[in-house]
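Please examine the sequence and the structure shown below. The explanation that follows leads through a helix and sheet arrangement, a further helix and a nonpolar core.

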Protein chains: 2
Amino acid sequence: MEEVYRLISPNARQLDNSGMLLHVLGMPRSILEGLEKYGEESGRILVYEPEKIKGVVVSGMGGSFISGLFLYDLLSDRASKPILLNRDAKLPSFVDKNYLLVTVSYSGNTEETLRVYLEGYRRGTPIVAITSGGEMAAVSDRLGVPLLRLPPNVPPRAAFPYITAALASILEIITGVSVLEELRQAAEDLEKSLEASLGEGVAVARLLRDDVKSGLTPLVYGYSPYLSPAYRFKTQMNENAKVHAFFGELPEANHNEIMGWGGPLGRFTVSIIRGREEPEYMRARIEFLEGVLKKNGVPLYNLYGEGGSRASELLSLVFKVDVASVVLALLLGIDPTPVGTITELKGYLESRVSYSLSREIGV
Amino acid sequence: MEEVYRLISPNARQLDNSGMLLHVLGMPRSILEGLEKYGEESGRILVYEPEKIKGVVVSGMGGSFISGLFLYDLLSDRASKPILLNRDAKLPSFVDKNYLLVTVSYSGNTEETLRVYLEGYRRGTPIVAITSGGEMAAVSDRLGVPLLRLPPNVPPRAAFPYITAALASILEIITGVSVLEELRQAAEDLEKSLEASLGEGVAVARLLRDDVKSGLTPLVYGYSPYLSPAYRFKTQMNENAKVHAFFGELPEANHNEIMGWGGPLGRFTVSIIRGREEPEYMRARIEFLEGVLKKNGVPLYNLYGEGGSRASELLSLVFKVDVASVVLALLLGIDPTPVGTITELKGYLESRVSYSLSREIGV
């Protein structure tokens, strides 16, 4: 692995002393590991009858949210039951005992998600927890709530392969779509294209480094079914490279955000996340946007997925943007792993709010 | 009304020659008009039996999307059936004949929404159309699909009060929540607080004008149940003032976007849209964010809703941000009404894609 770091910069290995890049490079292996582990476990622990479940609500924040969006991209036009994403501390009122609630929190101590867990528990909604420990694991053990346990000591955003495999194993049972096999194939495809995708991620990072150094803020656009790698790119640039970056959804952004170009505030660099499932109406809209960006001298990078299936495209896109964000950090001389402000926020909330699920439930 | 323009700038009246500010100032009256018209009509045209409908999918883009988010804010923790928003050209696969599909397109010619209409029609999903005309009205008339007709010759984003009233009249029937009466009361509350809210909108616009002139890009944060005025503020600044502006959802943004502060890219001004339904866990997170912004010298404006109910708060917030965005345009010397790039895009798509719903359906 040392040679990868040397490709980036002389001090890259030293900067990345917690090994964020190694987590990213391990993505295909981690996916395969996760599929093996959770594919077997889910069938055993999921005691609810799939045919009685009207839909699934996946609740999580930040690094624990993105896998839900990834599986939504993969399944939303094939699942016969609704898969709904919840990125809030509240559970919509229609969710009752006929839905399955999947609560995802890597640490197991995310207050927003614990509050949703409590709400679901009080309504009698069947719950499955995905976590590495914390209150969510402790309470689930005591209540007998099914739990898929994530490996410890991983930065939450680097647990993406495990969370995705765990969530997929549940959604396969509920929807009947063979998503585990699709992901297994996607991980194998990614292994094959790893070197090329790594190279592309590094190349994009170099371009973005120059853009950021000249004061341009990254914008990332995506469209269904490739929203998750686009949103992932934004959040990974925030957390790894510690830079501002914003995400927009196409074609919605062409109905409003597009009016900002040509105005006085134009210091941006744009990446568009694309795939083979790009209908003519979407291509036309993107080409028009490209024209507007070109006219305004805005750098534009198109990132495409690799492989023969939607799952392969999505996974390779997440890999590329993860690489690009980590390498961008290293090229800017920043250690990608620590997220100082978020750690401070957790300490602040701990002392001020000090939420406890086990106290709320009384177990 | 002339004195309002004089408050803004000597040439404001002349600049706003299509009267965007007058549309905004007419919001309470337009809401009341819409409630009267559609409240009566919906009961007559909605031929589907509410108890057989499992949930509602509201599909629309841009100015025709925001009313869906507004009603989601108002109803998501009270409705016993799911209200789902779709901002895409595709309809999720689980939507079948047991859901109600509401397609919203002011012009009636929005390709994305017409494609969703077609998909719903093919699946036998009951449809209600909300439009001022175009293909959506023509096809609905021919197929006998229930239609609520919007008044003509209004810029789509200024049709917000009518679209909101029309959509509310449908959701009241499906959910059983008395949302029409809540909106009527909210419009009356807004009439009473109009002058104060107008003043606050103008004051915020002056601050933002200075910020934009010094190169700061506006960011708007909101949280449930006040997401719609926050997203509205972003899109209205884009379309009216022709400036870049971005929207973020709290507490999600505190899990990633917050890491951008203190980095090299920090030329922003922040507005937070708030209300009385702000639990302690949310307040703690906002106060932490305020601390981070203060440390980084970022201007911060808190906008609160007025009135004694959630509907009143939401409506007054939409009014304030609409005022602020239009006045920002006028202070920057820009006519708020024309959206040149979007008009060009429509021409481009017309000649390149030339989608026709009536041709697809064959009516």
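**A sheet, its helices and the core**

In this predicted model, helix H7 (residues 134-143) of chain B lies across S3, S4 and S5 of chain B and runs at about 140° to S5(B). Helix H5 (residues 66-75) of chain B lies across strand S1 (55-59) and S2 of chain B, at about 155° to S2(B).

The strands beneath discussion here belong to an open sheet of five strands in chain B, ordered S2-S1-S3-S4-S5, with parallel pairing. Strand S2 (83-86) and strand S5 (147-149) of chain B each have a single partner strand and stand at the edges, so one side of each is left without a neighbour in the sheet. On average, neighbouring strands of this sheet are turned by 15° against each other, direction ignored. Strand S3 (residues 99-105) and strand S4 (residues 127-131) of chain B pair in the parallel sense over five bridges; Thr131(B) in S4(B) is the bridge partner of Ser105(B).

Helix H12 (residues 310-331) of chain B has 22 residues, which at 1.5 Å a residue should span 32 Å; the end C-alpha atoms are 31 Å apart, in agreement. Because 22 of the 22 residues of H12(B) are buried, this helix is largely enclosed by the rest of the structure. After H12(B) comes Gly333(B), with a positive phi near 80°.

The largest nonpolar core has 278 residues, of which Trp261(A) and Trp261(B) touch the most other members. Leaving aside residues up to four places away in sequence, the contacts of Trp261(A) include Leu219(A), Tyr221(A), Phe268(A) and Val270(A), as well as His244(B).

Conventions: Residues numbered from 1 in each chain as written. Chains lettered and ligands numbered in written order. Predicted model: local features only at pLDDT ≥ 70, side-chain atom pairs only at ≥ 80, totals over all residues. Heavy atoms only, no water. Core = buried A, V, L, I, M, F, W, Y, C linked by side-chain atoms within 4.5 Å. Buried < 20%, exposed > 50% of the residue type's maximum accessible area, 1.4 Å probe, protein only. Contact = heavy atoms within 4.5 Å. Helix = DSSP H or I, 4+ residues; strand = E, 2+ residues; numbered from the N terminus. Expected span 1.5 Å × (residues − 1). Pairing = 2+ DSSP bridges. Axes fitted to C-alpha atoms, helices over the stretch in contact; angles between N-to-C directions.
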